[in-house]
Amino acid sequence: MKKQTALFPGSFDPITKGHQSIVERALPMFDKIIVAVGCNTAKHSVFSLDKRIEWIKQTFAKYDKVEVVTFDSLTVDFCQQVGAKYILRGLRNSSDFQYERNIARINQELAEDIETVFLMTKPDDAAISASLVREILSFGRDVSKFIPKEITISAEDFKK
Ligand code: ADP
């Protein structure tokens with residue numbers, strides 16, 4: 001059978017329980033999931049690339065099917081480079097949907113053989129966002145409820 005690879009692109013600044021749940025729920029659907037940390041977008045990250053990668057690797061260490069990489073090209077070009085026919089994205093609410101559908105539409109124009117696959121967030125994860133995690137941390141509070149249990153993040157981890 002043909003091997004199916006999905007790319008899960010994002011900034012993961014930092015990875016949250018929401019991201020983790022999307023990848024874990026998608027695992028049965030694909031032979032390989034590549035978590036791709038974008039490092040050339042307009043978004044300025046708060047955590048260093050090394051930290052973000054390390055946390056994602058720790059989160060998915062038990063899954064042979066999950067790979068973690070960085071990329072600085074257009075998502076569809078990177079998909080082609082690594083042989084991914086699917087882009088995986090998570091949807092929390094209607095604003096995610098409005099934003100994501102435009103990106104998916106444009107990606108379809110750019111590469112019609114690549115499909116975007118959306119998974120709805122589990123209700124418990126719908127309120128979690130990387131930006132909220134950063135804000136809570138900036139006030140010195142514990143964020144362990146919102147991040148994968150495999151990792152620890154503290155205010156010390158903010159980029160110097
Ligand atoms: P980007 O920088 O491209 O917005 P993010 O790192 O914020 O990427 O998120 C990557 C993907 O994970 C996106 O599809 C986003 O919608 C999804 N996502 C973010 N937070 C959650 C969550 N709490 N539950 C499910 N999916 C989420």
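A residue is near a molecule or strand if one of its heavy atoms lies within 4 Å of it. With that in mind, select the ligand first: 17 residues surround the ligand, and of these Ser11, Lys43, Gly90, Thr121 and Ile128 come nearest. Before going further, note that this is a predicted model, in which local features need pLDDT of at least 70 and side-chain atom pairs count only at pLDDT 80 or more, while totals for chains, interfaces and linings use all residues. Residues are numbered from 1 along each chain as its sequence is written, and side-chain values use heavy atoms, with hydrogens and water left out.

**Contacts of the ligand**

Show Gly90, where a polar backbone atom is 2.7 Å from an oxygen atom of the ligand, a polar contact being a pair of N or O atoms within 3.5 Å (within protein, one must be able to donate a hydrogen and the other to accept it, and residues adjacent in sequence count only if both atoms are side-chain atoms). Add Arg89, which has a side-chain N or O atom 3.1 Å from an oxygen atom of the ligand, and then Arg92, which has a side-chain N or O atom 3.3 Å from a nitrogen atom of the ligand. Taken alone the ligand exposes 550 Å², and the protein buries 90% of that, as found by the Shrake-Rupley method with a 1.4 Å probe, where for residues only the protein chains shown count as cover.

**Two strands and a helix**

Which residue stands opposite Phe118 in E5? Select Arg89 again, since this is the residue that stands opposite Phe118. Strand E4 (residues 86-91) and strand E5 (residues 115-120) pair in the parallel sense over six bridges; strands pair if DSSP finds at least two bridges between them, and helices (H or I, at least four residues) and strands (E, at least two) are DSSP runs, numbered from the N terminus.

**An aromatic pair**

Now select Phe47 and Phe158, whose rings are stacked at 5.1 Å centre to centre, with 15 degrees between the planes. Rings of Phe, Tyr and Trp (its six-membered ring) pair if their centres lie within 6.5 Å, and planes under 30 degrees apart count as stacked, over 60 as edge-to-face and the rest as tilted. Adding Trp55 shows one aromatic cluster, formed by Phe47, Trp55 and Phe158.

**A last stop**

Finally, select Asp31, placed in the loop between helix H1 (17-26) and E2; its side chain reaches the backbone nitrogen of Gln4 at 2.5 Å.
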